[in-house]
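Me: Please take a close look at a single part of this structure. I should then like to see how the parts around it, and those farther along the chain, are arranged.

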Amino acid sequence: MSDAKKLYIKTYGCQMNVYDSERMAEAMGGSGYVQTDTPDDADMILLNTCHIREKAAEKVYSELGRFKGLKAEKPDLKIGVAGCVAQAEGEEIMRRQPLVDLVVGPQSYHRLPAMEARARQGEKPLDIDFPDEDKFETLKSRPKARRAPAAFLTVQEGCDKFCAFCVVPYTRGAEVSRPADRVLTEARDLVDRGVREITLLGQNVNAYHGAGSDGAWSLARLIWALNDIDGLERIRFTTSHPNDMSDDLIAAHGDCEKLMPYLHLPVQSGSDKILKRMNRSHTAESYLKLIEKIRAARPDILISGDFIVGFPEETEEDFQATMDLIREVNYGQAFSFKYSTRPGTPAAERAQVDDAAASDRLQRLQTLITEQQRAVQDSMVGRDVSVLFEKPGRFDGQMVGKSDYLHAVHVANAKVQIGEIARVRIVESGTNSLAGEML
């Protein structure tokens, strides 16, 4: 293995990019590459990019600039840009950063080995197509190395919703669901390699409609099939759209033993005016009624959400409607962002909210979310939960894992192995984690 070429991948953004990076590493493994944790000794560097966050493209160019010296020292080093910024920027990346050797979009990374070979011949391949062949099927041969006890599994890609602020339909394409049998095969393979928890991924995962032997399967049906896999103990899914939260999926939260009591269900705003301008196709009232149905099915479920503050035309009254919705839902966790423009999206062409006002609103919203999150964490003290232990902690004998509710839990003097699920009594609530004792 000392003669193996080394691959460094830096992953930005969502869990799907984490999954994609793993698959890229596996694809390049067939070409003799092994992964390295540092770019300094790499023969190939891949930046797997995300276009969701503010100034995403500029951050990629800044990162590329840091590799100029390394490229000068190692002329044979190949540098590639993958993911959603690659899809959106295309040839512009190579124009602005000539040190880049290849650019590949998120639907074409199964072609990476061939692109790398072309780059070694002096070409500068660019592939941002939406190919007809199934990239997952193309990469179905996987090495059988042991895995961490929790893993991501992409089941759906793309989105047909066209929210006014979002680039996903343009960078990931239309909604496509993987056939159910291929998802189940990959899930069994993961379990055989030590995985005990699987998180199903999709830009709009609850719109899943993968082909089955008797027609299209819903996400709920897929979850029930996963529930029957021996050795798989926990199932999660993210990210969902309120309009696709079907009755059978809601019922699964109450009835399916392995489906964890955690749901990420973004609303973005509590103002019907802003929701309409966002093209979200739901109202604050319909979202609140949906939360009520979900909690009726699973009363202890932890709800997580996303919020955009300072969306074009948002007034203080609109913002207060969002704060009211947050108070009513009582989130256990939430992600919030100040709106920033994405070129090519409808909202980018509208009158923007004053930056200082948007920043002030974001601070107030995050203060409220933090209060709610801390209160939910504090309420866990004294409760017994199941924890999947994933790694050693910072102190001797300490182990760290995730509870059913996705809280980080650390336990001192834990006589457990990585991958073990054990009952723990929560004894302390910290800023971002819980402390527990083994039962």
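Reply: Helix 10 (residues 219-227) is largely enclosed by the rest of the structure, because seven of its nine residues are buried (under 20% relative accessible area with a 1.4 Å probe on protein chains only; exposed is over 50%, partly exposed in between). The model is a predicted one, in which local features need pLDDT of at least 70 and side-chain atom pairs pLDDT 80 or more, while totals for chains, interfaces and linings use all residues. Residues are numbered from 1 along each chain as its sequence is written, and side-chain values use heavy atoms, with hydrogens and water left out.

The buried residues of helix 10 are L219, A220, L222, I223, A225, L226 and N227. Their cover includes two helices, helix 9 and helix 11 (247-255), and two strands, strand 10 (197-201) and strand 13 (234-238). Helices (H or I, at least four residues) and strands (E, at least two) are DSSP runs numbered from the N terminus.

Helix 9, one of the elements that cover helix 10, spans residues 180-192 and is preceded by a loop that follows strand 9 (176-177). R178 is placed in that loop. With a relative accessible area of 6%, R178 is also buried.

Toward the N terminus, the chain forms an open sheet of six strands in the order 2-1-3-4-5-6, with parallel pairing (strands pair if DSSP finds at least two bridges between them). Its edges are strand 2 (33-35) and strand 6 (126-127); each has a single partner strand, so one side of each is left without a neighbour in the sheet. Strand 2 is joined to strand 1 (residues 5-11) by three bridges, and the two run parallel. Across this pairing, L7 stands opposite Q35 in strand 2.

Two helices lie across these strands. Helix 1 lies across strands 1, 2, 3 and 4, running at about 170 degrees to strand 1; the angle, on a scale from 0 to 180 degrees, is taken between N-to-C directions of axes fitted to C-alpha atoms. Helix 2 (residues 56-65) lies across strand 1, strand 3 and strand 4, and its angle to strand 3 is about 165 degrees.

A second open sheet has three strands in the order 14-15-16, again with parallel pairing. Strand 14 (262-264) and strand 16 (333-338) are its edge strands, pairing on one side only. On average, neighbouring strands of this sheet are turned by 10 degrees against each other, direction ignored. Strand 15 (residues 302-309) runs parallel to strand 16 and is joined to strand 16 by six bridges; V309 has K338 in strand 16 as its bridge partner. Helix 15 (residues 355-378) packs on the sheet, touching strand 15 and strand 16, and its direction makes about 175 degrees with that of strand 16. Contact here means heavy atoms within 4.5 Å.

One residue from this part of the chain contrasts with the buried residues of helix 10: A321, in helix 14 (residues 316-329), is partly exposed, because its relative accessibility is 23%. Leaving aside residues up to four places away in sequence, A321 touches G270 and S271. From A321 to V416 the sequence separation is 95 residues, and the C-alpha atoms are 47 Å apart in space.
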